[in-house]
Amino acid sequence: MKLMRILRSVILLAMCVMLLTGFTVASQGYERYQEAVGATSLEDKVDSIRAKEGYTKLEELPQVYLDAVVSVEDHRFYQHFGLDPIAIGRAILHDIQARRYVEGGSTITQQLAKNLYFTQEKELTRKVAEVFVALELEEKYSKEEILELYVNSIYFGDGYYTAGDASRGYFGKEPAEMSQYESTLLAGIPNAPSRYAPTKSQELAEKRQMQVLRRMKACGYFSEEEAETVAAQMVALQ
């Protein structure tokens with residue numbers, strides 16, 4: 001009985017510590033969010049992205065490219081409110097299994113929030129601050145606006161920071177002219193531009209592209225035949 005009382009006390013203490021730690025992190029993250037938007041409003045940040053030379057509107061991009069981005073980055077993008085509880089739960093499980101921070105479960109909205117205000121540092125307070133910015137983005141902007149801002153704020157390698165610039169730089173084409181092959185290749189690059197940019201390694205770029213094609217099939221954007229047609233155009237993997 002004494003052992004059980006001690007065990008219950010230890011468990012209760014551990015739960016209290018976890019709750020206190022969680023509250024502290026949430027509080028610090030919210031303060032960090034307030035400091036960020038206090039220094040530069042979300043509207044001003046968005047305006048700075050839209051003022052970029054080379055800013056590319058959604059209507060200038062092939063639908064297959066947009067479908068590829070959503071498939072590989074955040075396939076529940078049009079259903080969630082800025083956070084994806086399922087992806088977050090999966091990420092927490094993977095982090096526990098790895099015993100370190102390996103996956104964040106970030107949505108496209110969260111990634112945009114990070115690109116607007118924060119660095120790549122893997123800190124919980126940064127993650128919490130990012131969540132608050134994501135919620136504000138979802139409140140003030142439509143899904144289409146968020147997706148458009150996203151493809152104009154991610155790095156594609158070789159100095160390209162918009163989808164339009166990347167299309168012109170890698171393929172010598174206006175973004176609307178990209179083929180299915182080019183669209184799905186481009187969608188995979190931002191995951192790791194130093195590895196997947198075709199100027200770095202066509203083979204690695206196409207291996208990543210195969211992952212994009214698998215995701216598009218799984219999400220119902222491509223049939224098996226359509227995916228095979230694009231895969232047949234690959235150069236390095238043939």
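Buried means under 20% relative accessible area, exposed over 50%, and partly exposed in between, with a 1.4 Å probe and protein chains only. The model shown is predicted, so local features need pLDDT of at least 70 and side-chain atom pairs count only at pLDDT 80 or more, while totals for chains, interfaces and linings use all residues. Residues are numbered from 1 along each chain as its sequence is written, and side-chain values use heavy atoms, with hydrogens and water left out.

**View 1. The whole chain, with 12 helices and zero strands.**
Helices (H or I, at least four residues) and strands (E, at least two) are DSSP runs, numbered from the N terminus. Buried residues account for 45% of the 238 residues in the chain. Of the contacts (heavy atoms within 4.5 Å) between residues at least 6 apart in sequence, 64% join residues at least 24 apart.

**View 2. Helix α3, of whose 11 residues 10 are buried.**
Helix α3 spans residues 63-73. The buried residues of α3 include Val 64, Tyr 65, Leu 66, Asp 67 and Glu 73. They pack against α5 (108-117), α7, α8, α9 (180-188) and α11.

**View 3. The packing of α3 and α11, at an angle of about 90°.**
The axes of the two helices are 8 Å apart. Axes are lines fitted to C-alpha atoms, for helices over the stretch in contact, and angles run from 0 to 180 degrees between N-to-C directions. Helices α3 and α11 are therefore roughly perpendicular to each other. On this scale, angles under 35 degrees count as roughly parallel, over 145 as roughly antiparallel, 65 to 115 as roughly perpendicular and the rest as oblique. On the α3 side, Val 64, Asp 67, Ala 68, Ser 71, Val 72 and Glu 73 take part, and they meet Arg 208, Val 212, Arg 215 and Met 216 in α11.

**View 4. The largest nonpolar core, a set of 54 residues.**
A nonpolar core is a set of buried Ala, Val, Leu, Ile, Met, Phe, Trp, Tyr and Cys residues joined through side-chain atoms within 4.5 Å. Which members touch the most other members? They are Tyr 65, Leu 137, Leu 147 and Leu 186. Helix α3 gives the largest share of this core, seven residues. Leaving aside residues up to four places away in sequence, Leu 186 touches Tyr 65, Phe 156, Ala 163, Ala 166, Tyr 170, Phe 171 and Met 178.

**View 5. Helix α6, with the salt bridge between Glu 130 and Arg 126 and the polar contact of Lys 127.**
A salt bridge is a side-chain nitrogen of Lys or Arg within 4 Å of a carboxyl oxygen of Asp or Glu, and by this rule there are 13. In the pair formed by Glu 130 and Arg 126, the closest N and O atoms are 2.3 Å apart. The two residues are four apart in helix α6 (residues 124-140), and so about one helical turn separates them. Glu 130 is buried, at 0% relative accessibility, and Arg 126 is buried too, at 4%. Lys 127 also lies in helix α6 and is buried at 13% relative accessibility. The side chain of Lys 127 makes a polar contact with the side chain of Ser 106 at 2.4 Å. A polar contact is a pair of N or O atoms within 3.5 Å; within protein, one must be able to donate a hydrogen and the other to accept it, and residues adjacent in sequence count only if both atoms are side-chain atoms.

**View 6. Asp 158 and its salt bridge with Lys 200.**
The closest N and O atoms of this pair are 2.8 Å apart. The pair links distant parts of the chain, 42 residues apart: Lys 200 is in the loop between α10 (193-196) and α11, and Asp 158 is in the loop between α7 (143-150) and α8 (163-171). Asp 158 is partly exposed, at 32% relative accessibility. Phi of Asp 158 is near 55°, a positive value in a residue other than glycine.

**View 7. The salt bridge between Glu 224 and Lys 217.**
The closest N and O atoms of Glu 224 and Lys 217 are 3.1 Å apart. Glu 224 is partly exposed, with a relative accessible area of 45%, and Lys 217 is partly exposed at 30%. Elsewhere, Glu 43, Glu 136 and Lys 140 are joined into one network by salt bridges that share partners.
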